[in-house]
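Welcome! Here are a few short exercises to work through with the model open beside you. Try each task before reading its solution.

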Amino acid sequence: MTRPPPTAALAGFVSCGTCGLLCRPAEAGKPGECPRCGEPLAFRLPESIERTWAYVVAAAVCYLPANLLPVMTTTTIKATTESTILSGVIHFYTTGSWFLALIVLVASVIIPLGKLGALAYLLVTVMRRSTGRPLERARLFRMLKAIGRWSMLDVFVVMFVVALVRFEPFMSVVPGPGVPFFAAVVILTILAADAFDPRLIWDPAGKTGGTGG
């Protein structure tokens, strides 16, 4: 029979969420403060699952208008055209800017949807106290945190395109109402990843001294 992997909680320690120092709890059930940085210690982030679900659901609600509403309004002498994210991807591709099309497609459509699906998967497995593949799930969470640093890339691309086109005579581009919704999706998914406590992944491996949720 495989022994459960050692965890800080199983060993009677609690880790500081700010500096990462492993500390002995001040009292039973009361972790106290970190002796190094002074941050209040917590066996688990308070209401981690509830807060993460709230951010994920809010991001999912914003995801639809972010993709359905125009993100750019282009005005030329001939006409005014509104572009959604997908129509912008098609426009970039058909005009030869396939690299920009790829960046916007991956950063605006695939990554946000993948982050929402991955966060929902982590939440469901934690709530079911699944013991399967904890290392892979921990790696998935670290990947989500790393991707979050680049989540505003496509918003930057839209702003860059808007600034670039403003130099063109007889043509203007302004951000559309879809941009705030997409920015909301990005920010909410970052907050969801911050609210999720990855230590919950390892709790079902054995009896812990912390409390979930």
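**Exercise 1: The span of a helix**

How many residues does H1 have, and how far does H1 reach from its first C-alpha to its last?

*Solution.* Keep in mind as you go that this is a predicted model. Start with the count: H1 has 21 residues. At 1.5 Å a residue, a span of 30 Å is expected. The reach from the first C-alpha to the last is 31 Å, close to that expectation.

Now try H3, which covers residues 98-127. With 30 residues at 1.5 Å each, H3 should span 44 Å. Its end C-alpha atoms are 42 Å apart, so the value agrees with the expected one.

**Exercise 2: A bend and what comes after**

Find where H3 bends, and by about how much.

*Solution.* Follow H3 to Ile110, where the helix bends by about 35°. Then look a little further along: a proline, Pro112, follows within four residues.

Next, go past the end of H3 into the loop that leads to helix H4 (134-148), where you will find Arg129. Its phi is positive, at about 55°, although Arg129 is not a glycine. Why is that worth noting? Most residues other than glycine have a negative phi. Arg133 is also placed in the loop between H3 and H4, and has a positive phi of about 50° without being a glycine. Arg133 counts as exposed because its relative accessible area is 59%, and the cut-off for exposed is over 50%.

**Exercise 3: The inner side of H1**

Which parts of the structure do the buried residues of H1 pack against?

*Solution.* First list the buried residues of H1; among them are Thr52, Val56, Ala59 and Tyr63. Then look at their spacing. An α-helix has 3.6 residues a turn, so residues three or four places apart point the same way. Finally, look across: the buried residues of H1 pack against helix H2 (85-94), H3, H6 and H7.

Take Ala59 as one example. Its relative accessibility is 0%, so Ala59 counts as buried. Setting aside neighbours within four places in sequence, Ala59 is in contact with Leu116, Val185, Leu188 and Thr189. Ala59 and Phe182 are 123 residues apart in sequence, yet 8.9 Å apart in space, C-alpha to C-alpha.

Thr52 makes a second example. Thr52 is buried too, because its relative accessibility is 0%. Not counting residues up to four places away in sequence, Thr52 touches Leu123, Ala192, Ala195 and Phe196. The side chain of Thr52 also reaches the backbone nitrogen of Phe196, at 3.3 Å.

**Exercise 4: Aromatic pairs**

How many aromatic pairs are there?

*Solution.* The count comes to 2 aromatic pairs. Trp98 and Phe99 form an edge-to-face pair, with 6.1 Å centre to centre and 85° between the planes. Trp98 is exposed, and so is Phe99.

Phe141 and Phe196 form a tilted pair, with 5.3 Å centre to centre and 50° between the planes. This pair links distant parts of the chain: Phe141 is in helix H4, while Phe196 is in the loop between helix H6 (178-195) and helix H7 (199-202), 55 residues apart.

Are Phe141 and Phe196 buried or exposed? Buried means under 20% relative accessible area. Phe141 is at 7%, so it counts as buried. Phe196 has a relative accessible area of 1%, so Phe196 is buried as well.

Technical notes
Residues are numbered from 1 along each chain as its sequence is written. This is a predicted model: local features need pLDDT of at least 70, side-chain atom pairs count only at pLDDT 80 or more; totals for chains, interfaces and linings use all residues. Side-chain values use heavy atoms; hydrogens and water are left out. Helices (H or I, at least four residues) and strands (E, at least two) are DSSP runs, numbered from the N terminus. The expected span of a helix is 1.5 Å times one less than its number of residues. The bend at a residue is the angle between axes fitted to the seven residues ending there and the seven starting there. Buried means under 20% relative accessible area, exposed over 50%, partly exposed in between (1.4 Å probe, protein chains only). Rings of Phe, Tyr and Trp (its six-membered ring) pair if their centres lie within 6.5 Å; planes under 30 degrees apart count as stacked, over 60 as edge-to-face and the rest as tilted. Contact means heavy atoms within 4.5 Å. A polar contact is a pair of N or O atoms within 3.5 Å; within protein, one must be able to donate a hydrogen and the other to accept it, and residues adjacent in sequence count only if both atoms are side-chain atoms.
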